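User: I am new to this structure and would like a close look at one part of it. Please take me through a single pocket in detail, then show me how the rest fits around that view.

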Amino acid sequence: MLNKEMVQFFESILEERSDEFRVTESDLVSPSAFEKKQAKIRRKVVELLRLREVGARFGMQRLDEEMHVISLPVPDVQVLDRVSCEGYTREHWLMETLPGIHMPMYVLIPDEMDRTVPHPCILAAHGHGPGKDSVCGTSPVPEVLARMKERGGCYGEIMAQQGYMVFAPDMWGFGERRIHDDAKYGERDCPALSDAAEACGLTLLGLFVWDHMRIVDYMLAQPYCNEVAMMGFSGGGEQTIYTTALDERIVWGYAGGYLHQFQGGMLYNHMCACNFVPDLFKTMELSDVAGLIVPRPMLYENGTEDGLNGHGGIINVERAAERIRSMYAVYGKEDCLETNFWPGGHQYNGAKTLPFAKKHF
Ligand SMILES: [Zn+2]
């Protein structure tokens, strides 16, 4: 069949990948050997995401010579409005992440939180859908709101009601940040923005990571925040893995509905354009990117029936998790990697999230 030829054409490119930017057995013999490989992979991921280029034209140096994040001056913020909700207040902010680029976000502040003393706080990334609304359990469309509540995936709101201050932005192309003023609620502009970014020497995923890092700059400069963790489901899981991989200020992460392998996944997963970074798949695996988080704690959650698990289903995901686990074993910290592969589809489950947060904050 002609379709099999095309699949084989692409899969064979991944089969022929060299080990230059891949974690191998010889990298797992000691922490120093592993960290040497991490440094190499980190530099390559930064290069492929075009992360330095995002701020370069504004004179903003995001990374040092070793590709470690440098904290940048705190971005300007405007508070637009404030709504009292069940157990927390939801503030609507605009944060300037680059000169002239304003990111809307919700900041959820638990009622009992004393903002004169430091707390652990959460950066919550949304997936594909209505942006920050999906994370915070709010929507102007009653049917959408009902569906969100029924599915129980509003992890920003859930964590705020558990006492954590939550920052939930709209990424490029989502929520209030659509290209067209009359864009339909709940959809996204990833394909157009991804094409534009690549044609301009950038990547959309690099822009996502940049904006999240600007929020971390802001959070850690506040007297009420002493630790940042990141959470995200689906596209938010994607943003969490890449941001946490490159931003070592983030102490732990939760990525739901996203762990997979590029090999056996790229043509089967129906992933959005924001996943496709030029040259990335032929260079390394997702588990190599996730290896940059090691040994910081990470919780990966996937439904065993999730269509995004790739060819081979959950076995594809378990293979990725085992590979990542071997990296934690270098430090004897296998307990810092947790998985929740639960019997379900592409949906937030969250059964292990709260205990994980309590354990690792
Ligand atoms: Zn996308």
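Analyst: Start with the lining of the second largest pocket. By class, eleven of its residues are nonpolar, two are charged and none is polar. The model is a predicted one. This pocket holds about 210 Å³ of space. Its lining counts 13 residues. Nearest the centre lie Arg-57, Leu-98, Trp-172, Leu-202 and Leu-207.

Which helices each supply at least two residues of this lining? They are α3, residues 51–56, and α7, residues 190–199. Helix α7 gives the most, with three residues.

Now look just before α3. Arg-50 sits in the loop between α2 (31–49) and α3. Its phi is positive, about 60°, although Arg-50 is not a glycine. Most residues other than glycine have a negative phi. Arg-50 has a relative accessibility of 31%. Buried means under 20% and exposed means over 50%, so a value in between counts as partly exposed. Arg-50 therefore counts as partly exposed.

Set the largest pocket beside this one. Its volume is about 550 Å³. It is lined by 20 residues, and the closest to its centre are His-128, Pro-130, Ser-134, Arg-151 and Phe-233. Helices α4 (132–136) and α5 (142–151) each supply at least two lining residues. The largest share, four residues, comes from α5. The class mix here is nine nonpolar, nine polar and two charged residues. In the second largest pocket, by contrast, no lining residue is polar.

Phe-233, one of the residues closest to the centre of the largest pocket, leads on to another loop. Strand β6 covers residues 225–233, and Ser-234 is found in the loop between β6 and α9 (235–246). Phi of Ser-234 is near 60°, a positive value in a residue other than glycine. Its relative accessibility is 12%, so Ser-234 counts as buried.

Two further buried residues sit in helices. Val-216 is in α8, residues 204–220. At 0% relative accessibility, Val-216 is buried. Beyond its neighbours within four places in sequence, Val-216 is in contact with Leu-123, Val-228, Asp-247, Arg-249 and Ile-250. Gly-175 lies 41 residues from Val-216 in sequence, and their C-alpha atoms are 21 Å apart.

Asn-316 is in α11, residues 314–329. With a relative accessible area of 3%, Asn-316 is buried too. Residues up to four places away aside, Asn-316 touches His-260, Gln-261, Gln-263, Gly-264, Asn-309, Gly-310 and His-311.

One peptide bond deserves a glance. Most peptide bonds are trans. The bond from Val-294 to Pro-295 is cis, with omega near 5°. Pro-295 is in the loop between α10 (286–290) and β8 (298–303).

Finally, step back to the whole protein. It has twelve helices and nine strands. The radius of gyration is 19 Å, close to the 21 Å that the globule rule gives for 361 residues, so the protein is as compact as a globular protein of that length. Its C-alpha atoms fill a box of roughly 55 × 45 × 45 Å along the principal axes. Buried residues make up 57% of the 361. Of contacts between residues at least 6 apart in sequence, 69% join residues at least 24 apart. The accessible surface comes to about 15,000 Å², and carbon and sulfur atoms account for 52% of that surface.

Methods. Residues are numbered from 1 along each chain as its sequence is written. This is a predicted model: local features need pLDDT of at least 70, side-chain atom pairs count only at pLDDT 80 or more; totals for chains, interfaces and linings use all residues. Side-chain values use heavy atoms; hydrogens and water are left out. On a 1 Å grid over the protein atoms alone, a cavity is a set of points where a 1.4 Å probe fits but cannot get out, and a pocket is an open set with protein on both sides within 12 Å along at least five of seven lines; lining residues have an atom within 4 Å of a point. Grid points are joined across faces, edges and corners, and a volume is the space filled by probe spheres set on the points. Ala, Val, Leu, Ile, Met, Phe, Trp, Tyr, Cys and Pro count as nonpolar, Asp, Glu, Lys and Arg as charged, and the others, Gly among them, as polar. The radius of gyration is taken over C-alpha atoms; the globule rule is 2.2 Å times the number of residues to the power 0.38. Buried means under 20% relative accessible area, exposed over 50%, partly exposed in between (1.4 Å probe, protein chains only). Contact means heavy atoms within 4.5 Å. Accessible areas come from the Shrake-Rupley method with a 1.4 Å probe; for residues, only the protein chains shown count as cover.
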